[in-house]
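I opened a fresh page today to go through one structure, one topic at a time. These are my notes, kept short for a fellow chemist.

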Amino acid sequence: MSVQDRAQQHLSQLDKQLSQYEILNNFEKQTSVPKVYVILGLGALYFFLIFFNIAGEFLVNVAGFIIPGYYSLSALFSATKADDTQWLTYWVTYAFLTVFESAVSAVYWFPFYYTFKFILVLWMALPQTNGAQIIFRSFLRPVFSRYFSQSGSTAANLRAQADQAGKPHAM
């Protein structure tokens with residue numbers, strides 16, 4: 001199969017997925033521009049703006065909040081706990097990244113910082129890649145697990161104190 005055939009196959013798969021959204025179907029009917037090209041064009045423009053740091057911080061933060069926010073809300077309304085854990089892990093990892101970024105002023109030290117951060121945030125957020133899980137298991141858990149073990153830890157003590165504070169006192 002040639003590269004052109006594979007590209008056409010991917011475009012047709014994307015078109016099939018985008019056909020689920022009525023607003024895109026209506027836009028395609030009104031403008032005669034295929035919805036796949038509109039989405040790919042907007043994605044390319046988005047990446048271009050980030051690459052040249054035209055509102056890079058804002059656009060990366062939008063990507064870091066919109067996609068995960070949608071999936072987090074979906075997880076809250078689902079009956080399973082696996083997706084809750086996945087998105088809680090994402091938010092903890094994203095918060096750690098944000099604090100680390102602020103502490104080291106990363107944007108001043110690394111050229112094309114927002115381009116790399118955008119790719120990292122997408123990798124962390126997309127359910128297909130589970131990047132946040134990998135970062136958590138590889139780095140955050142080994143560093144912070146001693147503070148959050150089940151018995152005798154700061155977290156366990158805080159939970160016990162909160163439970164005690166919530167109980168009515170006997171008189």
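**Charged pairs**

I began with the charged side chains and found Glu28 and Lys35 joined in a salt bridge, with N to O at 2.6 Å. A reminder before going on: this is a predicted model.

Next I looked for other partners of Lys35. Asp15 also meets Lys35 in a salt bridge, at 3.4 Å from N to O. This pair links distant parts of the chain, as Asp15 sits in helix H1 and Lys35 in helix H3, 20 residues apart. I therefore wrote the three down together: Asp15, Glu28 and Lys35 are linked in a network of salt bridges.

How buried or exposed is each member of this network? I looked up Lys35 and got 4% relative accessibility, so Lys35 counts as buried. Asp15 is partly exposed, with a relative accessible area of 26%. Glu28 is partly exposed as well, at 24%. The cut-off I needed here is 20%, because buried means a relative accessible area under that value.

How many salt bridges does the structure hold? I noted three. The one still to describe is between Lys117 and Glu101, whose closest N and O atoms are 2.8 Å apart. This pair also links distant parts of the chain: Lys117 belongs to helix H7 and Glu101 to helix H5 (residues 82-104), with their positions 16 residues apart in the numbering. I checked accessibility for both. Lys117 comes out at 5% and counts as buried, and Glu101 counts as buried too, at 11%.

**The largest pocket**

I then turned to empty space. The largest pocket holds about 980 Å³. Its lining is made of 20 residues, and those nearest the centre are Ile39, Ile67, Tyr71, Leu122 and Leu126.

Which elements give two or more residues to this lining? I listed helix H1 (3-18), helix H3 (35-51), helix H4 (56-76) and helix H7 (113-125). The largest share comes from H4, with six residues.

I also sorted the lining by class. There are 16 nonpolar residues and four polar ones. I looked for charged residues in the lining and found none.

**Around Ile135**

My next stop was Ile135, which lies in helix H8 (residues 131-144). Ile135 counts as partly exposed, at 23% relative accessibility.

What does Ile135 touch, leaving out residues up to four places away in sequence? I wrote down Thr93, Leu120, Trp123, Met124 and Leu140. For Met124 I looked up the backbone as well: its C-alpha atom is 8.2 Å from that of Ile135, and the two residues are eleven apart along the chain.

**Segments from the record**

Last, I opened the UniProt record, an unreviewed entry. Under "transmembrane region" it lists residues 36-52, 58-79, 91-110 and 116-136. I looked at two of these ranges in the model.

Over residues 58-79, the chain is 86% helix and 0% strand. The end C-alpha atoms of that stretch are 33 Å apart.

Over residues 91-110, I found 90% helix and 0% strand. Here the end C-alpha atoms are separated by 24 Å.

Definitions and conventions:
Residues are numbered from 1 along each chain as its sequence is written. This is a predicted model: local features need pLDDT of at least 70, side-chain atom pairs count only at pLDDT 80 or more; totals for chains, interfaces and linings use all residues. Side-chain values use heavy atoms; hydrogens and water are left out. On a 1 Å grid over the protein atoms alone, a cavity is a set of points where a 1.4 Å probe fits but cannot get out, and a pocket is an open set with protein on both sides within 12 Å along at least five of seven lines; lining residues have an atom within 4 Å of a point. Grid points are joined across faces, edges and corners, and a volume is the space filled by probe spheres set on the points. Helices (H or I, at least four residues) and strands (E, at least two) are DSSP runs, numbered from the N terminus. Ala, Val, Leu, Ile, Met, Phe, Trp, Tyr, Cys and Pro count as nonpolar, Asp, Glu, Lys and Arg as charged, and the others, Gly among them, as polar. A salt bridge is a side-chain nitrogen of Lys or Arg within 4 Å of a carboxyl oxygen of Asp or Glu. Buried means under 20% relative accessible area, exposed over 50%, partly exposed in between (1.4 Å probe, protein chains only). Contact means heavy atoms within 4.5 Å. UniProt positions are given in the numbering used here, feature names are shortened, and annotations may be inferred rather than shown by experiment.
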